[in-house]
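Visitor: I should like to learn how to read the features of this structure one at a time. May we begin with the pairing of strands and proceed from there?

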2 protein chains.
Amino acid sequence: MTVTSLHDPSHREALWELEAAFDRGDLVSVFGRCTVSYEGRAASDLGTGDRLLLLKPDGAALVHTDEGRQPVNWQPPGSEHRAAVREGRLRVVSTRTTPDETLTVRFSDVHELSAMPVTGGRDLAIHGTEEDLRTRILERPDLIESGFEPRETERPSSAGPMDVFGVDADGNPVVVELKRRRVGPDAVGQLARYVRALREELGVDEERDDPLDSDGDDAAADAAEIDGDDTAADADAIDLEVRGVLVAPSITDRAAERLADRGFDHVALEPAPEE
Amino acid sequence: MTVTSLHDPSHREALWELEAAFDRGDLVSVFGRCTVSYEGRAASDLGTGDRLLLLKPDGAALVHTDEGRQPVNWQPPGSEHRAAVREGRLRVVSTRTTPDETLTVRFSDVHELSAMPVTGGRDLAIHGTEEDLRTRILERPDLIESGFEPRETERPSSAGPMDVFGVDADGNPVVVELKRRRVGPDAVGQLARYVRALREELGVDEERDDPLDSDGDDAAADAAEIDGDDTAADADAIDLEVRGVLVAPSITDRAAERLADRGFDHVALEPAPEE
DNA sequence: TGGTTCATCTCGAGG
DNA sequence: CCTCGAGGTGAACCA
């Protein structure tokens, strides 16, 4: 474990160490007084100030100030770092293509430069994700509703893959959209696209009336069908209906409105059982 | 400008310097062998490895490996950092509330610890944003279409503020949604919500048929009206129609389909004139 | 490569 | 505080 660190190096010294560190594949941190400019998907300029520049061996570059989780400027992994001394300043340039982007950091003073060999240990085990939520539902489908049977996950459709596809107790197709946390109206739109795609695919025309303008009376009909015994299922067998279920811990008021408009249901569920 | 740097400090030395740096409001970087665990909105664990921990005076904490633009673990600004020596390890804990989240980094070895006073220079001037796109359109409304007149920006609606609201040459209300880069179907959904909200607000029932199911014949009618001379505008004056225009450099095929379904238009435009 | 969606998204504005 | 939408979103996955 060899950490190289230079205090107030000259630009020449800093340049040497930078290039040596690039060759070693070290993670480099440069702290100093600098300006930053970016040109690519957008363009930006940042005036003089003391900032920390991180240069990763995978090509990522991060400029951090004293505030914020996000770097004030950056370059994505896959970029190429180069350094030079120009006009009395240490210039670090990070470039990449597709899209063409360039980040330029010009140091008038380097206060400290460190090179660190960062090895392994990148395997992060994370829990409480949307995937956990899906697993939970597949193991206990009754959490959606009594009689629900999952049939497929990531089922393809013309609107993209739906999270969970299944059937309810009456045999109606059910599209389930999963969200690991509280959601807004966008999630309802997403669910609606899947339902719509499936209706088209199955040839369910929903008697041509507007699913957007439906006031929930379809949902009421569903409830009646579910509550009623299946002996009543005479002509309904052909006239099946595609239902939409949004699973999320909670939803915003606007999302609830849109859900009701579409005649969809909300099931309150967390990615993991509450402790 | 006083940068403090410790090479292979003892845990006690590191602890002292950490707390002094917290008091000074310095940006602290700790490079060493550690494990990381997080518990909050989700939960995660990261095994032993050499990583760089950044602790910002605003409460942000970042754990970086040798790869990726993103920190492998982090804590947002507003958190509180604390350090202690426990069980022969240097333990750094960063906590915050709403939501309750805790990041714990346990160092078995500290290879290097630096404390840096990062001052000012956070004002980033960025160009090529959606705001630039709006400015460009307000200065040259004909870029949308001939005869377009912007009336309001950020016009409120029940679906949220629409980017630009105006009228076309025939007096039809036009909702313009701006995107600074290539967009997918979600943007069409957003535009549709604004148009729908405006139709409801203006009492334009669109003869009760489904805007989702419209196959673009409305758009054809529009074109006829625009192309035709206005002498033909007899009964149309009362029956005005709310139009939707999506402004973006380009759109995906699926987005184009959804645009056509709704009878909306796409205008190809960049945030800034191409050089 | 592009298309689509998730994310401990982050961040800022507005009610 | 919540809600909403932008972002140089980033990152994963799949066709």
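Guide: Let us begin with a pair of strands in chain A of this predicted model. Strand S10 (residues 149–155) and strand S11 (residues 162–167) of chain A are antiparallel and are joined by five bridges.

Visitor: Which residue is the bridge partner of A:Pro150 in S11(A)?

Guide: A:Pro150 has A:Gly166 as its bridge partner in S11(A). S10(A) and S11(A) form a hairpin with six residues between the strands, and within this hairpin A:Gly160 takes a positive phi near 105°.

Visitor: Into what sheet do these strands of chain A fit, and in what order?

Guide: The sheet is open and has five strands, in the order S10-S11-S12-S13-S14 of chain A, with mixed pairing. At its edges are S10 and strand S14 (265–268) of chain A, each of which pairs on one side only. From one strand to the next, the twist averages 25°.

Visitor: In what sense do S12 and S13 of chain A pair, parallel or antiparallel?

Guide: Strand S12 (residues 173–178) and strand S13 (residues 243–248) of chain A are parallel, with five bridges between them. Within this pair, A:Glu177 has A:Leu246 in S13(A) as its bridge partner. When reading along any such strand, a general point is useful: in a regular strand the side chains alternate between the two faces of the sheet.

Visitor: Which helix lies across S10, S11, S12 and S13 of chain A?

Guide: That element is helix H3 (residues 185–202) of chain A, which runs at about 155° to S12(A).

Visitor: What order do the strands of the open sheet in chain B have?

Guide: In chain B, the open sheet of five strands has the order S10-S11-S12-S13-S14, with mixed pairing. Strand S10 (149–155) and strand S14 (265–268) of chain B are the edge strands, each pairing on one side only. The twist in this sheet averages 25° from one strand to the next. Strand S12 (residues 173–178) and strand S13 (residues 243–248) of chain B run parallel and are joined by five bridges. B:Glu177 stands opposite B:Leu246 in S13(B).

Visitor: How should one read backbone geometry that departs from the general pattern?

Guide: The background is that most residues other than glycine have a negative phi, and most peptide bonds are trans. In chain A, the peptide bond between A:Thr98 and A:Pro99 is cis, with omega about 0°. A:Pro99 is found in the loop between strand S7 (89–96) and strand S8 (101–116) of chain A.

Visitor: Which residues of chain B does a cis peptide bond join?

Guide: They are B:Thr98 and B:Pro99, with an omega of about -5°. The loop between strand S7 (89–96) and strand S8 (101–116) of chain B holds B:Pro99. For phi, the case to inspect is B:Glu87, which is not a glycine yet has a positive phi of about 55°. B:Glu87 lies in the loop between strand S6 (80–86) and S7 of chain B.

Visitor: Let us turn to the interface. How many residues of each chain are in contact with the other?

Guide: The contact involves 65 residues of chain A and 64 residues of chain B. Together the two chains bury about 5,900 Å², of which 53% is on carbon and sulfur atoms. Of the area that chain A buries against chain B, 13% comes from A:Asp66, A:Arg69 and A:Arg122, more than from any other three residues.

Visitor: How many salt bridges and polar contacts are found between the chains?

Guide: The rule finds zero salt bridges across the interface of chain A and chain B. Polar contact, by contrast, is counted for 26 residue pairs between the chains, with both residues at pLDDT 80 or more.

Visitor: Which element of chain A gives the most residues to the side that touches chain B?

Guide: It is strand S3 (residues 43–55) of chain A, with 10 residues. The residues on this side of chain A comprise 26 nonpolar, 17 polar and 22 charged.

Visitor: Over how many bridges does strand S9 of chain A pair with strand S3 of chain B?

Guide: Strand S9 (residues 124–127) of chain A pairs with strand S3 (residues 43–55) of chain B over four bridges, in the antiparallel sense. Here A:His127 stands opposite B:Ala43 in S3(B).

Definitions and conventions:
Residues numbered from 1 in each chain as written. Chains lettered and ligands numbered in written order. Predicted model: local features only at pLDDT ≥ 70, side-chain atom pairs only at ≥ 80, totals over all residues. Heavy atoms only, no water. Contact = heavy atoms within 4.5 Å. Buried area = accessible area lost by both parts, 1.4 Å probe. Salt bridge = Lys/Arg side-chain N within 4 Å of Asp/Glu carboxyl O. Polar contact = N/O pair within 3.5 Å; in protein donor to acceptor, adjacent residues only side chain to side chain. Helix = DSSP H or I, 4+ residues; strand = E, 2+ residues; numbered from the N terminus. Nonpolar A, V, L, I, M, F, W, Y, C, P; charged D, E, K, R; others polar. Pairing = 2+ DSSP bridges. Axes fitted to C-alpha atoms, helices over the stretch in contact; angles between N-to-C directions.
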